[in-house]
Amino acid sequence: MLTKSDIDLIRNVVREEVETESQTTRDDLGGQLTLIKMTFQNEIDVVKDRVKNLEIRMNKNHKELKNEIKEVVNYLDKDNMKTRKRVTRIEAHLGLPA
């Protein structure tokens, strides 16, 4: 039969083993967590770079589109002015009220 001191010794040995194993498990999980954090941070950095590149391209395309719109508006404005002049001259030639 086991005495109280034997049971206390067994309890202490088991406690030490459990603490050692739990510390090892914590250390392993901490290392894995650190590795996962680094991996995620790298992926986030890659995504940030891609978003930044997309923003740059989008801004460049926006500027180009604005310039093209200005060119079209200027062309249409000039064309409209020419048409107005022609209509005014035609009205004057035919004697129509303006």
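A residue counts as buried under 20% relative accessible area, as exposed over 50%, and as partly exposed in between. By that scale Glu91 is partly exposed, because its relative accessible area is 22%. Glu91 belongs to helix H1. The model discussed here is a predicted one.

Helix H1 takes in residues 4-94, 91 residues in total. At 1.5 Å a residue, a helix of that number of residues should span 135 Å, and the C-alpha atoms at the two ends of H1 lie 127 Å apart, so the two values agree. Just after H1 comes Gly95, whose phi is positive, at about 75°.

Two pairs of residues give a sense of distance in the model. Glu91 and Asp28 are 63 residues apart along the chain, and their C-alpha atoms are separated by 92 Å. Asn12 and Gln23 are 11 residues apart in sequence, with 16 Å from C-alpha to C-alpha. Asn12 is itself a residue of helix H1. With a relative accessibility of 37%, Asn12 falls between the limits of 20% and 50% and therefore counts as partly exposed.

The next feature is a contact between charged side chains. Asp8 and Arg11 form a salt bridge, with 3.1 Å from N to O. That distance satisfies the criterion, because a side-chain nitrogen of Lys or Arg has to be within 4 Å of a carboxyl oxygen of Asp or Glu. The count of salt bridges by this rule is one. Asp8 and Arg11 are three residues apart in helix H1, which means that about one helical turn separates them. Asp8 has a relative accessible area of 27% and so is partly exposed. Arg11 is likewise classed as partly exposed, because its relative accessible area is 44%.

Two surface patches remain to be described. One is nonpolar and consists of Leu2, Ile7, Ile10, Val14 and Val18, which together have about 440 Å² of accessible area. Leu2 is located in the segment before H1. Its relative accessible area is 53%, so Leu2 is exposed.

The other patch carries negative charge and brings together Glu16, Glu17, Glu19 and Glu21 on the surface. Among them, Glu17 is part of helix H1. At 49% relative accessibility, Glu17 counts as partly exposed, because exposed requires over 50%. Membership of a patch rests on another limit, namely over 30% relative accessible area and no salt bridge. Glu17, with its 49%, is therefore above the patch limit while still being classed as partly exposed.

Methods: Residues are numbered from 1 along each chain as its sequence is written. This is a predicted model: local features need pLDDT of at least 70, side-chain atom pairs count only at pLDDT 80 or more; totals for chains, interfaces and linings use all residues. Side-chain values use heavy atoms; hydrogens and water are left out. Helices (H or I, at least four residues) and strands (E, at least two) are DSSP runs, numbered from the N terminus. The expected span of a helix is 1.5 Å times one less than its number of residues. Patches are made of residues with over 30% relative accessible area and no salt bridge: like charges are joined within 9 Å, nonpolar side chains (Val, Leu, Ile, Met, Phe, Trp, Tyr) within 5 Å. Accessible areas come from the Shrake-Rupley method with a 1.4 Å probe; for residues, only the protein chains shown count as cover. Lys and Arg count as positive and Asp and Glu as negative; His and the chain ends are not counted. The place of a charge is taken as NZ of Lys, CZ of Arg, CG of Asp or CD of Glu. Buried means under 20% relative accessible area, exposed over 50%, partly exposed in between (1.4 Å probe, protein chains only).
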